Amino acid sequence: MKTFVCIKYVPDTSEAEVKVNSEGTAVESSRFSFDINDADNYAVEEAVQIQEKNEGAVTVLSIGPKESEVMIRMAMAKGCDDAVRIEDARIAAFDPLMVAKVLAGAIKGQEFDLVLTGCMAADDGQMATGVALAEELGVPHAAMVKKVEILDGKVKVHRELEGGLMEVVEVTLPAVLTIQTGINEPRYAPIRGIRAAQKKELKVVNLDELGVAAGEVDADASKIVLEKLYIPEVVSSAEFIEGEPDEKAEKLASILVKGGLV
Amino acid sequence: MGNVFVLAEHRQGALRDITFEMLAVAPAVARDLGGEVVVLLLGSGVDAMAEKIAGYGVKVLAVDDPLFENYNADLNQKALSALIDAHKPALVMVGQTAQGVDMAPALAVEKNLPFVADVIGLAVEDGALKATRQLYSGKVNALVAFKPADTYLVTVRESAFEAPDPSAAGSVEKVESPLKEDLDYRKFVEYIEAEVGDVDITQSEILVGVGRGLKEDKNLPLIEELAAAIKADLCGSRAAVDAGWLPHDRQVGTSGKAVKPKLYISLGISGAFQHVAGIKGAKTVVAINKDPEAPIFAVADYAIVDDLFKIVPKLAEKLKELKG
């Protein structure tokens, strides 16, 4: 099995205040800590488990800055064999269709059985790149995958639908699968793996070296224009309970009891 | 012609809500694009569903083909592709659902369509179509413009729009299936129903929900103590279930369950839209989260901005005392 796993370096904004610059063109991300996108972390684990069961090799693909190499090395420490980091300011990174074209450019011309991606990026949440990538590569796909079973020449997957229902489908290989969180238990990188990862190949390429024409993946090529970013007004009609922690807890308890809510 | 095509979504014989939610926004966009709303229904044995949709005062274009009995993203893509060629709609709307995300991006690539995913707003401004979507789990909104094209494609977030009530009678037109044969590269095998656990949280009167803010499972007893004090059942966000703190049948949200307790106490849950969609039926929502910008506060009735570990023990103690 030859597998590519596509991962993204994303900011953790779960407990952070997010600000947009005054032009409304970019999020001020310098204060955030970055790491592998949650769903991609599961995709890496799935790729490594598939490789352990079926032999073969796993190549990490990522579009991102130099700092993301820590994340890429970590994926290699977990068992991925080598990596390609693509960095080029010309890529229209806000458009998943452009991102998919770049990733396809990094895969095309090579033999592969599987491409795994996370099913959603935590930052822009489009859930589009993996499925678009499959179309670019001209191979079958399945999205939001919660179980992977490699069969002869095909793969049987469980797709997670709404309400906890699973859709079982079979697609022929090679294929692209977008991996849903919770499919497995991502491992921690073993110490010896971390050491070994330093010696593994991590190629850094731009669009020219990749053989992808910038004019096909830049802002001009994109059919959408990001006009404005802004912080949405959060309309909350909640009663905010104030005070010291203990006071807040006591006030809430009495509201719940007096209101007959508990 | 600026018709707006809305792809009806159905599963196991029933139309899904997103179909009607899209009808909340499609008519205004169609009017501004100079066309009308046409709902595309691809299914097997579609008559009852077609009639139901037509009851919303729209034209239904129905394709009845046994190949559509169970959803197959690639068959849907093939059919949509042919119907776009034949009817040249100005806009195609698909749900940002497990079905939609498995198909729409590939269709966009195949047909070279300007595409925006997971939109929560759609409008025509000065003749140009613009979509609103969210970044960073709802902390930032983006206004995205489409460059001029014959046909645009969007996927629409579930629960972002409120479905209108049925109105005037529309019409149903049956068209021949554009499909010639089944595919050899993708096969539907079966559906597997969600496992049933010890507690059915859709029936719970009081629920305590935990999220990423719980940090680790050794903190769970603290929450269980609170739950026990008020006879609540425990549930959680996707993050809590992915982490293995709670079994899957306790997951609240679009990929889990929709709950309708009289009281929902949310602890350390940011309130991603997928989770919030699952608690729409809750009568009273209490949210405790240390991030003052957490989207959960938008749906809360009572809110505490603080570390849950500083609040929960005292809250449990006080509740026990008051209920004593």
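Student: Before we start, what does buried area mean here?
Tutor: Buried area is the accessible area that two parts lose on being put together, summed over both. One thing to keep in mind as we go: this is a predicted model.

Student: Got it. So what is the area buried between chain B and chain A?
Tutor: About 7500 Å² is buried between chain B and chain A, and carbon and sulfur atoms give 59% of that.

Student: And how many residues does each chain put into the contact?
Tutor: Chain A brings 83 residues and chain B brings 91.

Student: Which residues of chain B lose the most area to chain A?
Tutor: Those are B:Tyr136, B:Lys147 and B:Tyr302, which together make up 9% of what the chain B side buries.

Student: Let's switch to charges. How many salt bridges are there between chain B and chain A?
Tutor: The count is 8 between these two chains. In one salt bridge, the side chain of A:Glu160 meets that of B:Arg238, at 2.9 Å from N to O. Over all chains, the count comes to 41 salt bridges.

Student: What does A:Lys8 pair with?
Tutor: A:Lys8 forms a salt bridge with A:Asp124, and their closest N and O atoms are 3.4 Å apart. The two are 116 residues apart, so this pair links distant parts of the chain: A:Lys8 sits in the loop between β1 and β2 of chain A, while A:Asp124 sits in the loop between β6 and α4 of chain A.

Student: Now helices! How do α4 of chain A and α5 of chain B cross?
Tutor: Their axes come within 7 Å and cross at roughly 40°, which makes α4(A) oblique to α5(B). The crossing is right-handed.

Student: Which residues make that contact?
Tutor: From α4(A) you have A:Val131, A:Ala132, A:Glu135 and A:Glu136, and from α5(B) there are B:Pro105, B:Ala106, B:Val109 and B:Glu110. By class, that is 5 nonpolar, 3 charged and no polar residues.

Student: Back inside chain A, at what angle do α3 and α4 pack?
Tutor: Helix α3 (residues 96-107) and α4(A) pack at about 50°, with their axes 8 Å apart. That makes α3(A) oblique to α4(A), and their crossing is right-handed.

Student: What residues meet there?
Tutor: On the α3(A) side, they include A:Leu97, A:Val99 and A:Ile107, and on the α4(A) side, A:Ala132, A:Leu133 and A:Leu137 are among them. The contact of α3(A) with α4(A) has 10 nonpolar, 1 polar and 2 charged residues.

Key: Residues are numbered from 1 along each chain as its sequence is written. Chains are lettered from A and ligands numbered from 1 in the order in which they are written. This is a predicted model: local features need pLDDT of at least 70, side-chain atom pairs count only at pLDDT 80 or more; totals for chains, interfaces and linings use all residues. Side-chain values use heavy atoms; hydrogens and water are left out. Axes are lines fitted to C-alpha atoms, for helices over the stretch in contact, and angles run from 0 to 180 degrees between N-to-C directions. Helices (H or I, at least four residues) and strands (E, at least two) are DSSP runs, numbered from the N terminus. Angles under 35 degrees count as roughly parallel, over 145 as roughly antiparallel, 65 to 115 as roughly perpendicular and the rest as oblique. A crossing is left-handed if the near helix is turned anticlockwise from the far one by less than a right angle, and right-handed if clockwise. Contact means heavy atoms within 4.5 Å. Ala, Val, Leu, Ile, Met, Phe, Trp, Tyr, Cys and Pro count as nonpolar, Asp, Glu, Lys and Arg as charged, and the others, Gly among them, as polar. Buried area is the accessible area (1.4 Å probe) that two parts lose on being put together, summed over both. A salt bridge is a side-chain nitrogen of Lys or Arg within 4 Å of a carboxyl oxygen of Asp or Glu.
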